[in-house]
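Visitor: Could you take me through one part of this model up close? I'd like to look at the place where the two chains meet, and then at what lies on either side of it.

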Amino acid sequence: MRFQSQKVAYWFFATCMLLLSLQIVYGFIMGFARIGMDGLHDYIPFNTARATHTNLLVVWLLTGFMGAAYYIIPEESDRELYSVKLAYIQLISWVVVGVIAIVGFHFNWWEGRKFLEIPRPLDYLVVVNVLTFLFNIAMTIWEAKKRSTTQLVLFFGLLCAALLYLPGMIYFDNQTLDSYFRWWVVHLWVEGVWELIMGGILAFLLIKLTGVDREVIEKWLYVVVGLTFLSGILGTGHHYYWIGTPKYWLMVGGIFSALEPLAFLGMAIWALNMYRKKGKDHPNKIALYWTLGSAIMSFIGAGFLGFAHTWPAVNQWTHGTLVTAMHGHLAFWGAYAMLVLAVISYAMPNMTGRKLFTGMSGYLAFWASNVGMLGMTGALAVAGITQVYLERKLGMDFLVVQKEIVFHFIGMLLAATLFTVGITYFIVDFIRHGLPSNEALGKNVGDLD
Amino acid sequence: MLSKSQARAFFLGGTFLFSAIFVFLTIDSIRQNDARTNAQNLTEDVLKGKEIWEKNNCMGCHTLLGEGAYYAPDLTKVVERRGVSWIDVFLDDPQAMFPGERKMVKYNFTKEEKGQVIAFLDWVGKIDANGWPPKPNIPVDSIAIAVSPQTSTNIVKVSQPEKFSQLCVACHAVGGKGGNVGPTLDHVGSKFDADYLNRWLIDPQVIKPGTNMPKLPLSDTERKDIVTYLSALK
């Protein structure tokens with residue numbers, strides 16, 4: 001940690017850990033409901049659990065991105081954060097809005113639009129909050145003497161993420177248009193500007209962990225995010241096949257979705273190549289595991305598994321089945337969850353001065369959660385493909401098919417347990433690091449730049 | 001080898017070009033939208049139905065046009081598939097219609113609200129969704145299946161009453177057609193006499209406490225027609 005104000009990131013990361021734990025709890029509620037154990041139905045019906053599960057995911061990842069930005073931007077700008085006080089106000093209000101939203105879901109207060117369930121009045125508060133965050137980051141960069149590509153790409157990504165939240169706030173009478181613009185937020189976030197944020201954070205971590213020349217890493221950063229937008233913007237079309245939009249989206253969406261894995265492949269090759277070129281070993285191996293792991297898993301989950309069912313001839317059968325849930329789990333885990341965990345693993349020793357990465361528990365956290373997540377994805381894949389064949393291809397009744405795939409959800413719950421063990425190790429390590437301390441100021445553990 | 005400024009130009013140029021194409025296609029999609037979605041049929045009821053749909057986060061379990069939570073059936077073509085009267089009865093007490101199955105919240109909709117939800121779903125079902133959902137394309141007779149003796153069709157002189165084909169077939173099969181939640185009714189007429197069937201339909205719980213069969217809202221004539229039909233299934 002070079003600057004005192006970077007400490008603020010710790011509280012964002014701590015919030016992440018709390019929200020991630022809650023997300024897992026709601027995941028289990030849904031998993032058990034699927035095997036017929038829905039004893040909580042009267043208190044937490046499936047739609048509540050589902051909205052809570054996915055919104056917690058979005059909120060904890062955004063919290064992680066904010067924390068990452070508060071940690072990275074001062075270091076990249078070579079100055080203290082513009083206002084630490086504002087950062088704390090922003091965090092507290094962010095948590096308050098989040099808590100109100102989550103509690104509201106349990107009282108039937110929501111907007112009922114997948115992933116964007118937060119009710120309208122809270123949407124406005126989110127906008128104010130994010131603008132405060134961006135203002136703080138922008139002023140830090142504005143008043144800095146140093147400009148770096150990493151810094152600017154990260155900022156541009158965060159700014160676009162904020163702007164793209166707005167189309168989701170327009171009300172449409174027409175379901176087709178409603179859905180059309182909802183994807184402007186959801187798709188253009190996760191397959192567009194979030195990848196920009198991902199690229200920025202990944203570049204920062206690669207610079208720190210491999211010691212490869214900044215110019216080289218940042219050049220490839222442009223190529224990777226260039227590929228992302230080249231494929232991802234028109235790739236939105238794969239959500240427009242069957243919702244009432246013109247037929248040309250089948251072609252546009254099909255072709256550009258097929259290109260989407262390129263961006264993730266680029267990301268993986270980039271990260272591995274930079275690692276290969278490294279000068280010497282960084283002592284924080286755990287952070288490196290999560291960083292490279294994120295680049296590789298995002299290719300498998302977001303790139304390859306996405307590719308596996310976005311071609312229109314395939315998608316007409318898999319659309320709206322568990323195949324989508326299968327892809328969703330590994331995509332979010334690989335691309336964004338692992339990345340946030342990478343930043344946390346890198347930043348914690350720097351902020352607290354405690355080198356916990358030398359122990360065994362970091363590796364256990366990494367392997368248990370990754371194997372667990374792959375297991376969950378596999379279980380969902382088998383369930384999803386079975387569903388496609390029985391329900392869609394043979395025309396069997398929905399509920400009959402659901403009974404046929406209960407077994408795979410038992411498998412999913414077992415894998416989820418292993419995943420939870422991994423995350424528990426991660427959180428225990430997080431707590432063992434303790435609070436950030438001024439004694440850690442000025443020294444970054446083993447950085448190579 | 002690519003220089004950093006070339007890489008930046010690739011990023012900025014690509015982003016600008018593809019954003020522009022995306023905006024252009026969006027404008028064209030909006031232009032065609034009214035025709036493709038039959039916007040002229042967006043009545044007051046349909047719009048109210050959409051509000052009810054969203055207010056209760058129906059998409060948190062169901063899917064619509066393939067978007068949703070995959071926990072409950074896709075409702076894009078539900079009006080075509082189940083019919084208005086079945087949905088109307090179902091919404092009063094979803095669990096009664098699928099006893100022991102996956103649970104749905106009982107929303108206590110008024111008659112008017114139910115009509116609005118159905119109007120909304122009916123409108124959605126008529127959107128031109130490029131042929132989605134596709135019809136099943138693996139013929140069942142291409143797969144070896146055990147022939148159940150119970151599904152052998154018997155000759156029935158009485159034609160199926162309208163209410164029977166709207167409500168009963170959701171759970172019961174006759175001649176191999178219908179649901180499998182309840183028993184098949186192919187030979188029900190030889191098992192029970194008309195008086196018993198009549199009393200059974202008035203209130204199943206009285207005859208067999210704890211039964212899964214719901215009490216259906218049938219008028220006297222409708223019930224009589226169904227009893228006549230069932231008695232003929234020998």
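Guide: Here is a walk through the contact between the chains, followed by a look at each partner.

Keep in mind as you browse that this is a predicted model. Let's start with the contact itself. Chain A brings 80 residues to it and chain B brings 69 residues. Together they bury about 6,700 Å², and carbon and sulfur atoms give 61% of that area. If you want a few residues to click on, try Q175(A), Y222(A) and L399(A): these supply 10% of the area that chain A buries against chain B, more than any other three residues.

Now for the polar side of things. The rule finds 36 residue pairs in polar contact across the interface of chain A and chain B, with both residues at pLDDT 80 or more. On the chain A side, helix α7 (residues 214–235) gives the largest share of the touching surface, with 13 residues. Sort the chain A residues that touch chain B by character and you get 42 nonpolar, 21 polar and 17 charged.

What about salt bridges? Over all chains the count comes to 26, and six salt bridges are found across the interface of chain A and chain B. One worth zooming in on pairs K103(B) with D38(A), where the closest N and O atoms are 3.5 Å apart. K103(B) sits in the loop between α5 (94–97) and α6 of chain B, while D38(A) is in the loop between α1 (8–34) and α2 (46–77) of chain A, so this pair joins two chains.

Next, step back to chain A. The unreviewed UniProt entry annotates residues 8–394 of chain A as "domain: Cytochrome oxidase subunit I profile". In the model, that span of chain A is 78% helix and 0% strand, and its end C-alpha atoms are 56 Å apart. There is a backbone detail to look up here too: N108(A) has a phi near 60°, a positive value in a residue other than glycine. You'll find N108(A) in the loop between α3 (84–105) and α4 (120–142) of chain A.

Chain B is divided into domain 1 (8–37), domain 2 (41–125) and domain 3 (162–232). The centres of domain 1 and domain 3 of chain B, taken over C-alpha atoms, are separated by 56 Å. At the start of the chain, UniProt (unreviewed entry) lists residues 7–27 of chain B as "transmembrane region". In the model those residues of chain B are 100% helix and 0% strand, with end C-alpha atoms 30 Å apart.

Further along, an unreviewed UniProt entry gives "domain: Cytochrome c" for residues 44–125 and 155–234 of chain B. Residues 44–125 of chain B are 55% helix and 5% strand, and the end C-alpha atoms of that span lie 17 Å apart.

One last stop, another backbone detail. W132(B) and P133(B) are joined by a cis peptide bond, with omega about -5°. P133(B) belongs to the loop between α6 (111–125) and α7 (162–166) of chain B. For context, most residues other than glycine have a negative phi, and most peptide bonds are trans.

Technical notes
Residues numbered from 1 in each chain as written. Chains lettered and ligands numbered in written order. Predicted model: local features only at pLDDT ≥ 70, side-chain atom pairs only at ≥ 80, totals over all residues. Heavy atoms only, no water. Domains from an automatic or database assignment. Contact = heavy atoms within 4.5 Å. Buried area = accessible area lost by both parts, 1.4 Å probe. Salt bridge = Lys/Arg side-chain N within 4 Å of Asp/Glu carboxyl O. Polar contact = N/O pair within 3.5 Å; in protein donor to acceptor, adjacent residues only side chain to side chain. Helix = DSSP H or I, 4+ residues; strand = E, 2+ residues; numbered from the N terminus. Nonpolar A, V, L, I, M, F, W, Y, C, P; charged D, E, K, R; others polar. UniProt positions renumbered as here; feature names shortened; annotations may be inferred.
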